[in-house]
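Visitor: Hello! Could you walk me through this structure, one question at a time?

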Amino acid sequence: NYPQTHLNASSGCGKTHLAETVSKPMGTTLHYILCGRETTRVAVSEALQAAKFGDFFFMDELHALRFSVMEFLYPAMDSRKTLAIDHSKRVPDVTEEWIDIQPCTIIAATDRAGELRNAFRRRCPQVYAMSDYTLAELREIASNRASQMGVLLSPQATTALARVCRGTPRNLRHMLHGLQ
């Protein structure tokens, strides 16, 4: 059985980048779904069916998924099955026919683990919490990124950027790009 993993980490700390970093050297594809209230069972089933053997299925912001769609993932996690899709209708919908999906690793990422159903959390035997970057790490990232961009920053400016980026490199990068 392939593992299901739950990442608990704040926005912008690198969850997607981590999933990409793991899938690339393995020669597999990362299938990405940004979850929201509008995410449908059809979209999830299509993505699961597109996954090949050993691929990674990354669901970001899982807490935003409607419970009925989150529960739709249980058969995929438990027995590698999903519902077939009927494309003959004007609006495609899932059928009552269960089909097999390829063994793949499901990674569910959220910054609100408390909003996930217990039944979902029980299906994720591996749970990882990612912490925000330290001020020293952010200063180093700011200095390296500024250097790559050809921007000269004083040590005071580097520290100021590191302090106001709310602990995430993504915010820091946006601020640096605003300096150009």
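Guide: Gladly! Helices and strands here are DSSP runs, numbered from the N terminus. Please keep in mind that this is a predicted model.

Visitor: Then let me start with M26: in which loop is M26 found?
Guide: One of the flanking elements is helix α1, residues 15–23. The other is strand β2, residues 30–34. M26 is therefore placed by its number, 26, in the loop between α1 and β2.

Visitor: Is M26 buried or exposed?
Guide: Exposed means over 50% relative accessible area. M26 has 54% relative accessibility, so M26 counts as exposed.

Visitor: Which residues form a nonpolar patch on the surface?
Guide: M26 belongs to this patch. Together its members have about 260 Å² of accessible area. The patch is formed by L18, V22 and M26.

Visitor: Now for the inside: which element gives the most to the largest nonpolar core?
Guide: In soluble globular proteins, nonpolar side chains tend to be buried together. Here the largest nonpolar core has 29 residues, and those with the most contacts inside it include V44, F57, L62 and F120. Several elements each supply at least two residues of this core, among them α2 (41–50), β3 (56–60) and β4 (81–86). The element that gives the most, with 4 residues, is α2.

Visitor: How many residues are in the other core?
Guide: This other core lies apart from the largest one. Among its members are L138, A142, A146 and V151. Its number of residues is 11.

Visitor: Is S143 buried, partly exposed or exposed?
Guide: S143 has its place in helix α6, residues 135–149. Buried means under 20% relative accessible area and exposed over 50%. The relative accessible area of S143 is 38%, so S143 is partly exposed.

Visitor: Which residue in β5 stands opposite D86?
Guide: Strands β4 and β5 (residues 93–100) run antiparallel, joined by 5 bridges. A hairpin of 6 residues links β4 to β5. Opposite D86 stands D93.

Visitor: Last one: leaving aside neighbours within four places in sequence, which residues is K52 in contact with?
Guide: K52 is found in the loop between α2 and β3. At 53% relative accessibility, K52 counts as exposed, because exposed means over 50%. The C-alpha atoms of K52 and T29 are separated by 7.9 Å, though these residues are 23 residues apart along the chain. With those neighbours left aside, the contacts of K52 are H31, Q102, P103 and C104.

Technical notes
Residues are numbered from 1 along each chain as its sequence is written. This is a predicted model: local features need pLDDT of at least 70, side-chain atom pairs count only at pLDDT 80 or more; totals for chains, interfaces and linings use all residues. Side-chain values use heavy atoms; hydrogens and water are left out. Patches are made of residues with over 30% relative accessible area and no salt bridge: like charges are joined within 9 Å, nonpolar side chains (Val, Leu, Ile, Met, Phe, Trp, Tyr) within 5 Å. Accessible areas come from the Shrake-Rupley method with a 1.4 Å probe; for residues, only the protein chains shown count as cover. A salt bridge is a side-chain nitrogen of Lys or Arg within 4 Å of a carboxyl oxygen of Asp or Glu. Buried means under 20% relative accessible area, exposed over 50%, partly exposed in between (1.4 Å probe, protein chains only). A nonpolar core is a set of buried Ala, Val, Leu, Ile, Met, Phe, Trp, Tyr and Cys residues joined through side-chain atoms within 4.5 Å. Two strands pair if DSSP finds at least two bridges between them. Contact means heavy atoms within 4.5 Å.
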